[in-house]
Amino acid sequence: MTEKLTICLVGPKAGGKSSLLAALTECVAQGSFGYAPRLRPAIQPLGEKDFRAAEAEMRPADFLAHEEGDYERLQRDFAQGGVATDTLDTYEYYFRLTVNGEAPPAILTPGPWLLEIVDSAGEVAVPPNGVEIAILDDVKTKLARQLLACEAIVLVLPLVRLEDSLWIGALTRLIDRLVIAPEKKLRRLVVVFSHYERLFVRLGPSAFTYACDPAVARHVLSRALRRAQWLERLRALETPNGGARVRFTVASAYGFTKRFQNPNIDPHQPGERRFRRAGLEGARAAGEFWRPFLTAEPFLYAALGMDSAFTFSFAQLDARAAGNDETSIID
Amino acid sequence: MSSPVSANTSTAVEAAIDIRRLHYGKLVDATTGAVPSQSGYEVTRRSFDLDPSLVGHLSPARLIGRRRFDPDAIETSALRSGCFVARTTAYDATALMRARFRPEDGENGGARRHQQSSVWVVAFDDWRRFPAACLAIAAGHLRADPDLAAETAAVRLAETPSRWRFQNLDVDRARAVLLRDAWGCDMLEFFLDAASSDAAACLDFDARDFANERDFLAAAGFALQSLSSSYPRWRDVSVACGLAYPAPGVCLRYSPDHALPGALSDAA
Ligand SMILES: Nc1nc2c(ncn2[C@@H]2O[C@H](COP(=O)(O)OP(=O)(O)O)[C@@H](O)[C@H]2O)c(=O)[nH]1
Ligand SMILES: [Mg+2]
């Protein structure tokens with residue numbers, strides 16, 4: 001039976017929300033996630049019309065006959081270096097998720113799942129202090145409504161700027177408001193630390209091997225939690241009144257290069273860009289080396305409530321923190 | 001501030017318009033042109049007496065009449081300077097906008113791009129009386145340049161409107177110029193055809209018709225100046241340059257990309 005879910009992406013500006021979303025389908029297609037391969041998930045972007053039709057169980061004749069939509073445009077923008085999401089609206093993207101393989105009986109209705117994923121500018125959910133942003137008032141209201149009506153939230157935080165005091169206050173208030181909101185539908189909240197590949201830039205071609213070790217991710221997450229004490233407030237969501245489950249994970253939209261296995265950041269390009277084949281333009285140029293890393297995790301967990309080797313609960317990270325602190329291999 | 005607009009005619013009369021401003025985008029560093037990490041999207045400049053209820057109508061997406069404004073809205077040859085749109089919105093206001101996407105690490109950078117728009121607001125009645133002047137002033141002075149982080153909010157958000165003086169062009173004179181050239185007859189015929197319907201319509205020009213945007217805007221100015229103030233669809237009139245699709249209403253559009261060899265073979 002078809003199940004419909006709304007997932008809201010929130011987090012500070014430039015945290016990597018839009019990039020995470022842009023890398024979602026590629027990550028699923030390449031199987032570059034921590035779920036068992038036999039789950040065989042597949043995800044397909046839908047136009048809003050197809051989504052509404054599927055929602056009403058009036059399956060349109062042909063999902064494949066579909067012109068370039070908003071999601072394809074987002075992917076193209078990402079391939080060309082990205083566009084900062086504006087604050088003039090919140091932006092909805094639609095997908096159909098299926099699991100074609102063997103799924104543990106615990107989670108599943110057989111699907112498919114219809115996902116509505118809401119992306120918005122960081123300035124909307126996490127407004128900077130003292131800045132006048134007149135165009136934006138009704139957008140704030142719209143996002144607040146979407147946050148109360150959604151089943152899952154994916155909170156994207158850049159691992160590299162965790163102590164950025166400019167947004168901690170606003171994010172803390174957002175969490176508090178979520179916790180006390182009486183009418184929310186929230187069932188799952190995933191905190192994803194983005195830009196994960198940057199931790200491994202000095203490891204060259206061994207980078208990927210380390211990144212693929214869940215124990216490394218767990219170590220990084222424990223440390224991140226200790227640096228970001230304000231995230232402790234999320235525990236309130238897991239009390240019986242809170243009604244939601246919280247998970248932590250890491251991801252990299254840039255990922256690690258195919259074949260060479262090093263972090264996919266080209267030091268020779270202006271700005272911070274992925275490696276690309278010279279002379280080629282657009283998506284094809286970046287596609288040759290591009291293997292995003294774990295960008296499917298937050299969305300699959302949000303949709304299925306199913307853990308991967310790279311999703312961790314408070315309890316798992318607490319246990320890790322209580323154990324001996326091994327010497328860090330990174331940072 | 002004032003600037004003469006060339007309309008060297010003996011029948012010209014002295015006139016003036018007030019222009020109010022709204023800039024949306026990100027503040028930048030004056031020397032590098034890069035967006036400092038703490039700045040995000042905001043209204044970076046606003047005239048102190050701009051009607052707050054009007055502001056929501058001045059978002060780039062609304063002005064181009066689409067759900068959202070993204071880089072695809074801008075033709076390739078206009079990517080650097082941005083697209084231009086003039087049209088009448090709510091509250092008897094006419095907006096003239098230039099909008100584009102620029103790299104966050106400076107004009108020639110390679111980083112993520114952000115939206116930057118500059119909107120001028122003139123009274124609808126001024127637009128209807130002095131369209132040639134409005135377009136000529138915009139052609140020369142309306143740029144989607146970001147504001148500087150070093151300038152205080154108190155200054156940026158409390159600007160006084162600027163007054164522009166010019167020699168106005170009268171209707172007969174405009175009409176005489178217009179009827180000399182094929183483009184003029186086309187434009188006039190287009191507006192006459194549109195008068196008796198309420199459908200959206202667009203008349204396109206490209207680089208074979210006009211060498212550059214400024215020439216096109218001068219031509220569009222002549223055409224609009226030659227419409228009488230009783231023209232029934234004045235509120236629907238729009239002018240666009242470098243926009244990948246027609247602006248809403250009765251639109252004169254300059255799309256230089258269409259004359260590029262690539263575009264021609266694509267169409268084939
Ligand atoms: N190194 C690296 N940079 C990233 C990654 N994901 C996004 N970025 C960059 O981080 C910046 C912000 O990304 P964006 O997705 O626009 O963030 P948003 O504002 O949260 O939507 C952009 O310049 C991206 O190119 C990543 O996985 N690794
Ligand atoms: Mg974004």
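A residue counts as buried when its relative accessible area is under 20%. Keep that cut-off in mind while walking through this predicted model. Y93(A) is a clear case: its relative accessible area is 2%, so it is buried. Y71(A) comes out at 3% and is buried too.

These two tyrosines belong together. A search of the whole structure finds 28 aromatic pairs over all chains. In one of them, Y71(A) and Y93(A) meet edge-to-face, with 6.4 Å from centre to centre and 75° between the planes. Y71(A) sits in helix α4 of chain A, while Y93(A) sits in strand β3 of chain A, so the pair ties together parts that are 22 residues apart in sequence. Such pairs need two values. A pair of aromatic rings is described by the distance of the centres and the angle of the planes.

Now take a second pair. F260(A) and F289(A) are 6.2 Å apart, centre to centre, and their planes make an angle of 50°, which gives a tilted pair. Both residues are in loops. F260(A) lies between β7 (245-250) and α10 (282-287) of chain A, and F289(A) between α10 and α11 (297-304), so parts 29 residues apart in sequence are tied together. Their surroundings can be compared with the cut-off. F289(A) is buried, at 11%. F260(A), at 47%, is partly exposed. Rings can also join into a group. Y196(A), F200(A), F208(A), F256(A), F293(A) and F310(A) are linked by ring pairs into a cluster.

Next comes the metal. Which residues coordinate the magnesium ion (ligand 2)? They are S18(A), through OG, and T85(A), through OG1, at 2.1 Å. The two are distant along the chain: S18(A) is in helix α1 (residues 17-22) of chain A, T85(A) is in the loop between α4 (70-79) and β3 (91-99) of chain A, and 67 residues separate them. S18(A) has a relative accessible area of 14%, so it is buried. T85(A) is buried as well, with a relative accessible area of 14%.

Turn to empty space. Rolling a probe the size of a water molecule over the atoms shows where empty space is left. Searching the whole structure gives one cavity of 30 Å³ or more. The largest cavity holds about 40 Å³ of space. Its lining is made up of V10(A), I153(A), L155(A), L174(A), I175(A), L178(A) and L189(A). What kinds of residue are these, nonpolar, polar or charged? Seven are nonpolar, none is polar and none is charged. Two elements of chain A, β5 (152-158) and α7 (165-180), each supply at least two residues of this lining. Helix α7(A) gives the most, with three residues.

The backbone of chain A has two points worth a look. A14(A) has a phi near 65°, a positive value in a residue other than glycine. A14(A) is found in the loop between β1 (3-10) and α1 of chain A. With 37% relative accessibility, A14(A) is partly exposed. R40(A) also has a positive phi, near 45°, and is not a glycine. The loop between α2 (24-30) and β2 (41-46) of chain A holds R40(A). R40(A) is partly exposed, at 49% relative accessibility.

Now move to chain B and its cysteines. A disulfide is a covalent bond between the sulfur atoms of two cysteines. How many disulfides are there over all chains? The count is zero. Why does C185(B) have no such bond? The closest cysteine sulfur, in C202(B), is 19 Å from the sulfur of C185(B), too far for a bond. C202(B) is in no disulfide either, and its nearest cysteine sulfur, that of C251(B), is 4.1 Å away. The cut-off explains this, because a disulfide needs sulfur atoms within 2.5 Å. C185(B) is partly exposed, at 34% relative accessibility. C202(B) is partly exposed too, at 28%.

One more cysteine ends the walk. C134(B) lies in helix α4 (residues 131-141) of chain B. At 3% relative accessibility, C134(B) is buried. The helix follows suit: eight of the 11 residues of α4(B) are buried, so the rest of the structure largely encloses it. Among these buried residues are P131(B), L135(B) and I137(B). C134(B) also has a partner in space from elsewhere in the chain. C134(B) and L217(B) are 83 residues apart in sequence, while their C-alpha atoms are 9.7 Å apart.

Terms used. Residues are numbered from 1 along each chain as its sequence is written. Chains are lettered from A and ligands numbered from 1 in the order in which they are written. This is a predicted model: local features need pLDDT of at least 70, side-chain atom pairs count only at pLDDT 80 or more; totals for chains, interfaces and linings use all residues. Side-chain values use heavy atoms; hydrogens and water are left out. On a 1 Å grid over the protein atoms alone, a cavity is a set of points where a 1.4 Å probe fits but cannot get out, and a pocket is an open set with protein on both sides within 12 Å along at least five of seven lines; lining residues have an atom within 4 Å of a point. Grid points are joined across faces, edges and corners, and a volume is the space filled by probe spheres set on the points. Helices (H or I, at least four residues) and strands (E, at least two) are DSSP runs, numbered from the N terminus. Ala, Val, Leu, Ile, Met, Phe, Trp, Tyr, Cys and Pro count as nonpolar, Asp, Glu, Lys and Arg as charged, and the others, Gly among them, as polar. Buried means under 20% relative accessible area, exposed over 50%, partly exposed in between (1.4 Å probe, protein chains only). Donors are N, O and S atoms within 2.8 Å of the metal (3.2 Å for Na, K and Ca); water is not among the atoms, so sites may look incomplete. Rings of Phe, Tyr and Trp (its six-membered ring) pair if their centres lie within 6.5 Å; planes under 30 degrees apart count as stacked, over 60 as edge-to-face and the rest as tilted.
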